[in-house]
Amino acid sequence: MSMTTDPRYLAFTLIEAGQKPFLPLDRAVDDAALSLERLSQKNRGLCHAIVFGVFRHRGRIDQLIGHCSKLAFDRIDPKVKTILRLGVFQIVFLDRVPDFAAIDTSIELAKAICGKKASGFINAVLRNISRSHKKIALPCLDKNLPGHLAAAFSIPSWLGKRWAARYGKEKTLTLAGALMDLPPLTLRVNPRKNSREELIANFERAGIKSQITRFSPLGLQVRTPGIAIPDLPGFNEGLFQIQDEAAQLAVQVLAPKPCENILDACAGLGTKTCHMALEMGNKGNITANDTGERKAERLNTEAKRLNIDIIRTTHVDMAKAGFNDFSSYFDRVLVDAPCTGLGVLARNPDSRWKRKPNDLIRMAALQQKILNGSANLVKPGGVLVYAVCSCEPEETTQVIQRFLDKRKDFSPDPSGFEARLPFFCESGIKTFYKTTFPDHLEMDGFFIARMRRNRKN
Ligand SMILES: C[S@@+](CC[C@H](N)C(=O)[O-])C[C@H]1O[C@@H](n2cnc3c(N)ncnc32)[C@H](O)[C@@H]1O
């Protein structure tokens, strides 16, 4: 097999790419679509399993390498480390690959990429791990909680310490455990084309089990595992859109109405934009804005698939935005702000290793500016919804608190929030925001707040 059609070689290049701080692993995988297509289906599956598995289990993998290598972990060459991680993942977590095959293929990879000397080192470490990994215990939960969280759940030490201080040991353990599970595949039906019941029946005919979501009126969880999204019946016909339930609730809180003028300030690939358009019965105007210009093309393709034609795309930096950038005020503005993504680590295992404590401060400053710029575009009496896929106070409650302290032209909107999400408002307690956690209700970690611009007297 040549290196270009070797699934482990491709896994190596994807892991190296996915370790770059500003390249999300998903994007690295998308960019490698052509190379992945050259692999057989079985090898493509193996490549995916290795790439995502290495990031997901890196805490335990690195603990084992540190334990079984004569060279100090930090002194191992980065490429050698990647090949070791790939080999250890197969030995420890991939039952379908025998240890000898994992070791031999790693040695071949090392010879091709790093030379003969490195291959000897890799051989020694992997053989040692193959013999002894079952006897190497996790760090003790009581004496070294951050070490335990890192090895057992791939939670970096800074984050483990942070959560333990805020939530205590038990909640931190359930949270970290939930982030190791593969999240459910959730979608939202396209009510312009079918109902939830029709889609469930459609899936059932294809042998696919699904069930309705608990809170979102349009959501469906696919319960049959291992089906690629484009292979779900009705995908090409636009019968549904993939979206986690918590993200569905953000548009539910925004509550766009037919014929309104809406701004999606950070539209990204447009999942929420399309959701808004469907809520509006494809009547009205939506401006889908994002600084990432490449994303607009994908947003437009998705809108076409769903039969939506009320969206126009713009590329304004919302941190500096003002009325002149759009020449209109909006009835409702959604700010689904860029964030650390610490609420969706289960979906993006590479993020665990990329985020640093300083990111929280950096992101919070950006979120503050984007929220403020976007707020300038809300008409008096209009609605402003702020959302992030993070549960960290710096990016959630502190951002909206600071915003409301400064912007006296805005007020919390608890009645609007409660009308849309009554199940989140415990009786008697008025709130205008909610944080969901990944270890609760089978949803992503997410934050949603609803505010209103005061009417002029
Ligand atoms: C959380 S994502 C949005 C996801 C999107 N709403 C969805 O549902 O698919 C945040 C987006 O903000 C964009 N962004 C970052 N900085 C921005 C800025 N200063 N102004 C506008 N958009 C920005 C990013 O490119 C990214 O696509």
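Select T291 and the ligand together: a polar side-chain atom of T291 lies 3.5 Å from a nitrogen atom of the ligand. The model on display is a predicted one.

Add D336 to the selection. A polar side-chain atom of D336 is placed 2.7 Å from a nitrogen atom of the ligand. Next, show the backbone of M318, where an N or O atom is found 3.0 Å from a nitrogen atom of the ligand. With the ligand still displayed, turn on its surface: on its own the ligand has 610 Å² of accessible area, and the protein covers 82% of this.

Now widen the view to the residues around the ligand, 19 in number. Those that come nearest are K272, D290, K295, D317 and D336. Colour the shell by residue class, and nine residues appear as nonpolar, five as polar and five as charged.

**The cavities**

How many cavities of 30 Å³ or more does the structure hold? There are two.

For the largest cavity, select W163, Y167, L175, L179, L342, G343, C391, E392, F437 and P438, which line it. The space inside the largest cavity amounts to about 50 Å³. Its lining comprises eight nonpolar residues, one polar residue and one charged residue. Colouring by domain is instructive here: domain 2 (145-178) and domain 4 (245-453) each supply at least three residues to the lining of the largest cavity.

Proceed to the second largest cavity, which contains about 30 Å³ of space. Its lining consists of A267, G268, A288, N289, D290, G292, K295, A296, L299, T313, T314 and H315. To place these residues in the fold, display β6 (285-289), α15 (294-305) and β7 (311-314), the elements that each contribute two or more residues to this lining. Which element gives the most to the lining of the second largest cavity? It is α15, with three residues. By class, the lining of the second largest cavity has four nonpolar, six polar and two charged residues.

Two residues deserve a second selection at this point. D290 and K295 belong to the lining of the second largest cavity, and D290 and K295 are also among the residues that come nearest to the ligand.

**The second largest pocket**

Finally, select A178, P183, P184, P438 and M443. Of the 15 residues lining the second largest pocket, these are the closest to its centre. About 180 Å³ of space lies in this pocket. Its lining divides into nine nonpolar, two polar and four charged residues. Keep P438 highlighted while returning to the largest cavity, since P438 is listed in the lining of that cavity as well as close to the centre of the second largest pocket.

Conventions:
Residues numbered from 1 in each chain as written. Predicted model: local features only at pLDDT ≥ 70, side-chain atom pairs only at ≥ 80, totals over all residues. Heavy atoms only, no water. Near = heavy atom within 4 Å. Polar contact = N/O pair within 3.5 Å; in protein donor to acceptor, adjacent residues only side chain to side chain. Areas by Shrake-Rupley, 256 points an atom, 1.4 Å probe, with all protein chains shown as cover. Nonpolar A, V, L, I, M, F, W, Y, C, P; charged D, E, K, R; others polar. 1 Å grid on protein atoms, 1.4 Å probe; cavity = no way out; pocket = protein on both sides within 12 Å on 5 of 7 lines; lining within 4 Å. Points joined across faces, edges and corners; volume = space filled by probe spheres on them. Domains from an automatic or database assignment. Helix = DSSP H or I, 4+ residues; strand = E, 2+ residues; numbered from the N terminus.
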